[in-house]
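Have your viewer ready and your selection tool at hand. We will take this one stop at a time.

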Amino acid sequence: MILYHGSNLTVSEPKLIAQNRFLDFGYGFYTTTNRTQAIGFADKVTKRRKEGSPTVSIYEINEEKAFAECSVLRFDAPDEAWLDFVSENRAGNYNGKSYDFVYGPVANDDVYTTFTLYIAGVFTKEQTIEALKVKKLYNQLVLSSEKALSFLKFIGTLSEEEL
C-alpha cells in the first residue's frame, strides 16, 4: 500500500509528536492513500504555519504484515461508531482502547459544517450520518505507535510538477 503525508517539509523519518489540538483519530502520524488529499493538506499546512513549502512525502507499507502484527481499528464508512469515535477524539474525551493503526473516513472541511451542527446538537446522530453519506469522503490511516511506524518505509516525495 502506498501512503501520502502532506506537510510543509519532507518527513523522511516520521515521529509521534504531541499535537496542540484534538484530531479525528487522536494522537498519531496521519497519512492517506489519496494523493490529491495529501496535496491539499500540504498546501493548507504550509499556509497555516507560514513557512516551508508544500511537500508530500510518500511511504510504502506492507499492510497485510503490519495489520496482522498490530492492533487495528477500522471504519469502512461514516457510521455511528465512527461518529462517536471522532466526536470523542475531537472533544479530547476519548478514553477507550489504544490502537496501533486507525483507518477510516476523514471529517475534512467538506463535512466540517455537518459535523459542527451535530456537536452543537442541531443534527441528531441519524441526521448527521445521512448527511455524511452524500459527501465525498477521503480516507486516513493514522499510525499511533512506534510499532506501527516501524512498518512504514519512506520512498520519496512528489516532485514540484506533481504538486
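Begin by selecting helix α3, residues 80–90, where Trp82, Leu83, Phe85, Val86, Ser87 and Asn89 are buried. Keep in mind as you look that this is a predicted model. An α-helix has 3.6 residues a turn, so residues three or four places apart point the same way.

Now step to the start of α3 and show the side chain of aspartate 79: one of its oxygens comes to within 3.3 Å of the backbone nitrogen of alanine 81. Then go to the other end, where glycine 92, just after α3, has a positive phi of about 75°.

Next, select the open sheet, whose four strands run in the order β2-β6-β5-β4 with mixed pairing. β2 (29–31) and β4 (72–74) are the edge strands; each has a single partner strand, so one side of each lacks a neighbour in the sheet. From one strand to the next, the twist averages 15°.

Stay with β2 and add β6, residues 139–143: the two pair in the antiparallel sense over three bridges. Which residue of β6 stands opposite threonine 31? Pick leucine 141 and you have found it.

Finally, zoom out to the whole protein chain, with its six helices and seven strands. Followed from the N terminus, the elements read β-β-α-β-α-β-α-β-α-α-β-α-β. The radius of gyration is 16 Å, close to the 15 Å from the globule rule for 163 residues, so the chain is as compact as a globular protein of that length. Of those 163 residues, 44% count as buried.

Technical notes. Residues numbered from 1 in each chain as written. Predicted model: local features only at pLDDT ≥ 70, side-chain atom pairs only at ≥ 80, totals over all residues. Heavy atoms only, no water. Pairing = 2+ DSSP bridges. Axes fitted to C-alpha atoms, helices over the stretch in contact; angles between N-to-C directions. Buried < 20%, exposed > 50% of the residue type's maximum accessible area, 1.4 Å probe, protein only. Polar contact = N/O pair within 3.5 Å; in protein donor to acceptor, adjacent residues only side chain to side chain. Rg over C-alpha atoms; globule rule 2.2 N^0.38 Å.
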